[in-house]
Every structure is written in structure tokens, then in C-alpha cells.
Amino acid sequence: MPELPEVEVVRRGLEPFMARRVIERVEVFEARSLKRHADGVEGFVRALEGREIREVARRGKFLWAPLSDARRATSSSPSLGEALVMHLGMSGQLRVRDAEVRGAYQASEPHLSEGPASDPEKHLRIRLHMAGGSRIDFLDQRIFGGMHVSPLVNTPDGLAAGTGTNLPLLPESAAHIARDLLDPFLDEESLVRQIRTRRAPIKSVILDQGTVSGVGNIYADEALWEAKLHFARSANGISSRKIRELLVACRGVMQRALEVGGTSFDALYVNVDGRRGYFARSLSAYGKHGMPCPRCGRALVRVQFQNRSSHLCPYCQRRR
DNA sequence: CACAGCCTGCAT
DNA sequence: ATGCAGGCTGTG
């Protein structure tokens, strides 16, 4: 389940193969992967073929690639350009096929201890052929992710929109997404204040991408465990100090995951070479129900919360 | 703010 | 056959 660290690993992997390269040809094998694209498969292909990608940017779990302008802006409809937007959803993968990378992929294959290598063509939904011969394959088992082309709009604060870009532009379709915890322009004190105005359970608040982006179920449970907070506590009943502690835990766990290539909890998350991340072995709470809490030794539990699993230590993380 | 629905693969 | 996994959108 890709969250911020996994998406950032993918962004870094894509950059050398997409930035300042022209998209020569686009193949769409699954129209449902373009659900969020306004004018259909043909429109998507037309919007991309022959256009150059400037860079690869990320905010939270959203990736986008601003396109060099082919379409001229008119005075009646001034345009800031558009971007190819990519979201991995639950099970999306972006894989680079290139002589260089294929070598790395095959060399790494024997280290993929868990299970056989997956069929590289399975669940192939979209393929971008880049000038220079590399291919970007979008694979997605569950089709929760996808691609679309969206106009770019100004960031409300006029600052760079996210990681990998200096432009104050982000896709209209992702304009409601808040800055993430690895964003240098995140205003943390105002985030703390904003969180404390909410009455919802703290876990719901940190999973709300419009409040702070990039956190998903895995890192939410890890950070709540680290900060010794119960998921169901109302955000407005928690001290500013504790909220700050939680955000530090969130940033820390995501930073550490990023450094080792992300978390591959099951076979669904891999980087652009098809390699898994190593952070699963560092998880303290997520998926550890029945095992001793690394802090107090009592058994961790898994409970249902808002139709999702939450993992916690009932002793360290009490409601009050 | 809460919840259904989107999806497929795998476990029960 | 049924349930579970869950990021995000759209509805109430």
C-alpha cells in the first residue's frame, strides 16, 4: 500500500527517465485506469503524444509531470499548462523498462526472497513509450489508481508545489491536497492549530489528505504507537505538545522508511526496478497483532476502526 | 462528518 | 460463497 515514502521512491526512480523527455507513444490497455481523465482514452493519448515532460513532482501520494506547453494560451483562457497526474491507489506500480534498469532488475532478482518474481506484464494498464527507448509501465491490480491529464493551477501560498518541483503550480485535480510532512514549506504550527480544531478521532484527522497529506494506514498506526496515542481520541482534546510529538513521529517513521526504499508489506509495492522496500522489518505495530509490544512487552492487538484495521498496544495507547 | 462504492486476489 | 485488504471520491 503505497504511502508517501513509497511514492517518493517511485518519483525518484521515474525522474531520470521522464524529466526532459518526450512521450512518443501512449498505449492504454484498461480504460478504467483513466477514470479521472475528462475526455476519454483518445483525448488522453492525444494530450500526451509528442509532448515533453519537464519534471516529476509529488505532493503526498500524488505524482505529476508538468508538460512543456504545446497548446498556446489565449487571452480569453490564459493557461498555466497541464500535467500528467499519476496516482498509485492501493496496488499501482510504475516500472521503468530500459536496458540499464532491466539489468539492475535481473541482477536483483535472486534477492527477492519472498515468492517468485511477478509476471512483468500482469495487470499492465498503461504504457508510455519515451523518446530514447525507455518505457514507463503502469501496472495496477485493483484499479484504484490511475492517470489523467489536468490543468495546472497556482498554489494558494505562491510557494513551490511539492517535492521535485520549484514551480508554484499543482494539478487542479490535486489542488485540495495539503502539503505533506516532508515538504519544507509546510507550516507546522498552523497545522498543529488546525488539527486541534477538529473533533474527529485523531487517526481520521491525520489520514485526511486535505489536512496533512501522505499518511496512510500503515504509517498512521506506527506514528500513533510511537506517540503513545489512542486512534479514537478526539483531536481537539489532545495537547499541542502531543500533536507536535505525533507529527514528529509521523515524519520520522516516513523518513526512515524512505531511506530503506519504503515498506513492502505484501507483493504489491515495488520501486521502478521491481524491487521491494525493506521497511516492513522495522514496523513496530502495523500487522504485529499478537506479538509483544516492543516497548512494554504486552500483546499488540488489531481492532476495526471505521472499516479499517488499527494496530495498537492497548496498554501504551490508552484512550485517556 | 460518516459511509458506500470502486476493484481484484487471496484467505477463510 | 463470503469477507477482507484500503486510498480516494462522491453522496447523504
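UniProt positions are given here in the numbering of this model, feature names are shortened, and an annotation may be inferred rather than shown by experiment. Keep that in mind for Exercise 1, and remember throughout that this is a predicted model.

**Exercise 1. Find the annotated stretch and describe its strands.**

Step 1: Start with the record. An unreviewed UniProt entry puts the annotation "domain: FPG-type" on residues 284-318.

Step 2: Check what that span is made of. Residues 284-318 are 0% helix and 29% strand, and their end C-alpha atoms sit 17 Å apart.

Step 3: Look at strand 11 (residues 301-305) and strand 12 (residues 308-312). They run antiparallel, joined by five bridges. R302 has H311 as its bridge partner, and F305 faces R308.

Step 4: Now the link between them. Strand 11 and strand 12 make a hairpin with two residues in between, and Q306 in the turn has a positive phi of about 50 degrees.

**Exercise 2. Split chain A into domains and work out which parts of domain 1 touch domain 2.**

Step 1: Get the bounds. The domain assignment gives domain 1 as 4-174 and domain 2 as 188-312.

Step 2: Count the contacts, taking two residues as touching when their C-beta atoms, placed from the backbone, lie within 7 Å. On that basis, 24 residues of domain 1 meet 21 residues of domain 2.

Step 3: Ask which elements supply the domain 1 side. Helix 1 (4-18), strand 6 (92-97) and helix 3 (99-108) each bring at least two residues. Helix 1 gives the most, with eight residues.

Step 4: Sort that side by class. You get eleven nonpolar, eight polar and five charged residues.

**Exercise 3. Trace two open sheets and see where helix 1 sits on them.**

Step 1: Take one sheet of five strands. Its order is 2-1-7-8-6, with antiparallel pairing. Strand 2 (52-53) and strand 6 are the edges, each pairing on one side only.

Step 2: Zoom in on a pair. Strand 1 (residues 21-28) and strand 2 are antiparallel and joined by two bridges, and R21 stands across from I53.

Step 3: Add the helix. Helix 1 packs on this sheet, touching strand 1, strand 2, strand 6, strand 7 (124-130) and strand 8 (135-140), and its direction makes about 35 degrees with that of strand 6.

Step 4: Move to the other five-stranded open sheet, ordered 3-4-5-9-10 and also antiparallel. Strand 3 (57-59) and strand 10 (169-171) are its edges, and the twist averages 35 degrees from one strand to the next.

Step 5: Pick a pair here too. Strand 4 (residues 62-66) and strand 5 (residues 82-87) share five bridges in the antiparallel sense, with L63 opposite M86.

Step 6: Bring helix 1 back. Helix 1 lies across strand 3 and strand 4, at about 15 degrees to strand 4.

**Exercise 4. List the residues around each DNA strand and sort them by class.**

Step 1: Go to DNA strand B. Its surroundings are R32, Q141, R142, I143, F144, R198, R199, A200, S204 and Q306.

Step 2: Sort them. The surface near DNA strand B has three nonpolar, three polar and four charged residues.

Step 3: Go to DNA strand C. Around it are M1, K61, H87, G89, M90, R142, F144, Q209, G216, N217, R308 and S309.

Step 4: Sort again. Near DNA strand C there are three nonpolar, six polar and three charged residues.

Step 5: Compare the two lists. R142 and F144 appear in both.

Notes:
Residues are numbered from 1 along each chain as its sequence is written. Chains are lettered from A and ligands numbered from 1 in the order in which they are written. This is a predicted model: local features need pLDDT of at least 70, side-chain atom pairs count only at pLDDT 80 or more; totals for chains, interfaces and linings use all residues. Domain bounds come from an automatic or database domain assignment. Helices (H or I, at least four residues) and strands (E, at least two) are DSSP runs, numbered from the N terminus. Ala, Val, Leu, Ile, Met, Phe, Trp, Tyr, Cys and Pro count as nonpolar, Asp, Glu, Lys and Arg as charged, and the others, Gly among them, as polar. A residue is near a molecule or strand if its C-beta atom, placed from the backbone, lies within 6 Å of it. Two strands pair if DSSP finds at least two bridges between them. Axes are lines fitted to C-alpha atoms, for helices over the stretch in contact, and angles run from 0 to 180 degrees between N-to-C directions.
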